[in-house]
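Here are a few exercises to work through with the model open in your viewer. Try each one before you read its solution.

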Amino acid sequence: MKKIKKEMAISKKGESLRLAILENGGLAEIYIEKSRKGSIVGNMYVGRITTVLPGMSSAFVDIGTGRNALLYLQDVISLDDGTQLKRTKITQALKENDPIVVQVVKDPMQGKGARLTTFLSVPGRLMVYLPRGRKFGVSRKLPEKERERLKKIASKIKPKHGSTIIRTAANKAKRKELEADLEYLVRQWEQIERKIKNARPPKLVYEEPDVAIRVIRDALTSDFKSIIVDSVEEYRRIIDYLSVVAPDMKDRVRIYEGDGELFERLRIDEGIRAALERKVALPSGGHIVIDEAEALTAIDVNTGSFTGRKSLEDTVLRTNLEAAVEIVRQLRLRDIGGIIVIDFIDMQNPMNREKVLNTLEKELARDRTKTQIVTLSPLGLVEMTRKNVTEGLSGVLGKVCQNCQGKGLLFKI
């Protein structure tokens with residue numbers, strides 16, 4: 001398998017910060033924060049329960065962000081044994097006006113408040129610390145042999161309270177590095193605990209770092225060749241952060257000194273503009289069409305100008321295989337979440353359907369966001385889900401047209 005060359009580019013203009021991940025020179029992921037007050041995912045609050053909804057097995061919680069957030073019963077943890085409350089009634093688990101410590105797992109979007117959980121987690125570069133957890137885990141994206149090695153280390157460096165999940169970035173990490181990461185996270189949790197004890201709800205007690213530090217923490221692995229930054233201020237912040245959590249990675253960070261703007265020079269702006277188009281071309285002449293609706297995203301695959309040479313089945317297979325690769329790239333780039341329905345071109349041969357599904361699964365294995373394929377029907381329809389955390393690229397950069405109200409059509413009656 002050919003190794004992918006990865007780079008990270010960070011650009012700052014005023015309060016706006018943009019970070020791009022490049023794979024083999026092409027834009028793979030883009031993160032945009034228009035101000036320091038961007039996403040609140042990962043933030044912890046001491047909130048106050050305002051309304052308990054028995055019919056929805058949920059409750060509204062005031063966390064001080066202006067709009068009440070939603071907490072479902074399935075996201076409530078028992079403080080006695082750290083397990084999920086499943087059969088308990090919401091009215092028994094939560095009471096109105098009671099304070100509650102929660103963490104945001106989904107940003108407010110489309111008029112809905114943030115989604116909350118009481119399963120608290122403090123993320124580090126090599127592991128995630130679960131202060132109320134009981135189960136230990138290792139990323140399934142790591143090779144089985146490496147997972148077993150890390151499991152043995154994790155069993156020897158268990159925290160006094162809580163549990164840990166070893167991240168993909170811990171691949172080939174030494175015990176000393178994992179111990180240092182755990183100590184850092186435990187100290188961080190102890191600081192959060194002190195804030196919780198003194199907090200009067202609603203109160204923010206832990207704030208996730210801004211997009212640059214957050215993505216470096218979550219995505220930076222040894223296969224990244226470089227991190228290019230066009231701001232001296234951001235460069236120093238990143239170096240300071242890496243000095244604490246990953247000193248061996250500092251030499252990969254450098255200041256951009258080229259002509260013109262960094263994102264124009266690396267053709268990132270061009271990639272962003274292309275990611276906002278409805279139609280995406282495929283190498284052989286086919287194309288995919290992406291339509292985002294409120295409840296789901298529909299993706300249609302077409303042969304377009306590609307006529308092939310051997311047979312119709314071969315032409316369709318090649319188009320579908322190219323589409324499978326491009327669709328995953330677009331899901332990551334546009335940060336599309338929720339229910340996704342892909343209409344591949346119908347294939348007669350069951351083996352060809354299997355090839356397309358395998359290609360799709362292989363590409364999704366590189367996606368850091370949780371995904372699940374439900375089915376591939378005989379008609380070529382794939383139903384899948386991708387964890388919905390943010391509004392996505394179109395939500396960040398776009399706004400609903402006041403004339404057509406998002407239909408994309410202007411009617412003359």
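A residue is called buried when its relative accessible area is under 20%, and exposed when that area is over 50%. Keep in mind that this is a predicted model.

**Exercise 1. What share of the protein chain's 413 residues counts as buried?**

Solution. Apply the cut-off to the 413 residues, and 45% come out as buried. Next, look at the surface: the accessible area is about 23100 Å², and carbon and sulfur atoms own 50% of that.

**Exercise 2. Which radius of gyration would a compact globule of 413 residues have, and what does the protein chain have?**

Solution. Start from the globule rule, 2.2 Å times the number of residues to the power 0.38. For 413 residues it gives a value near 22 Å; the chain has 23 Å, so the two agree. Then check the box around the C-alpha atoms, roughly 70 × 55 × 45 Å along the principal axes.

**Exercise 3. Which residues of H3 are buried?**

Solution. First locate helix H3: it covers residues 175-198, and its end-to-end C-alpha span of 35 Å is close to the expected 34 Å. Now pick out the buried ones: Leu178, Asp181, Leu182, Leu185, Gln188, Trp189, Ile192 and Ile196. For the spacing, recall that an α-helix has 3.6 residues a turn, so residues three or four places apart point the same way.

**Exercise 4. Is lysine 407 buried or exposed?**

Solution. Find lysine 407 in the segment after helix H10 (392-397). Its relative accessible area is 58%, so lysine 407 is exposed. Finally, its C-alpha sits 9.6 Å from that of alanine 293, 114 residues away along the chain.

Notes: Residues are numbered from 1 along each chain as its sequence is written. This is a predicted model: local features need pLDDT of at least 70, side-chain atom pairs count only at pLDDT 80 or more; totals for chains, interfaces and linings use all residues. Side-chain values use heavy atoms; hydrogens and water are left out. Buried means under 20% relative accessible area, exposed over 50%, partly exposed in between (1.4 Å probe, protein chains only). Accessible areas come from the Shrake-Rupley method with a 1.4 Å probe; for residues, only the protein chains shown count as cover. Helices (H or I, at least four residues) and strands (E, at least two) are DSSP runs, numbered from the N terminus. The expected span of a helix is 1.5 Å times one less than its number of residues.
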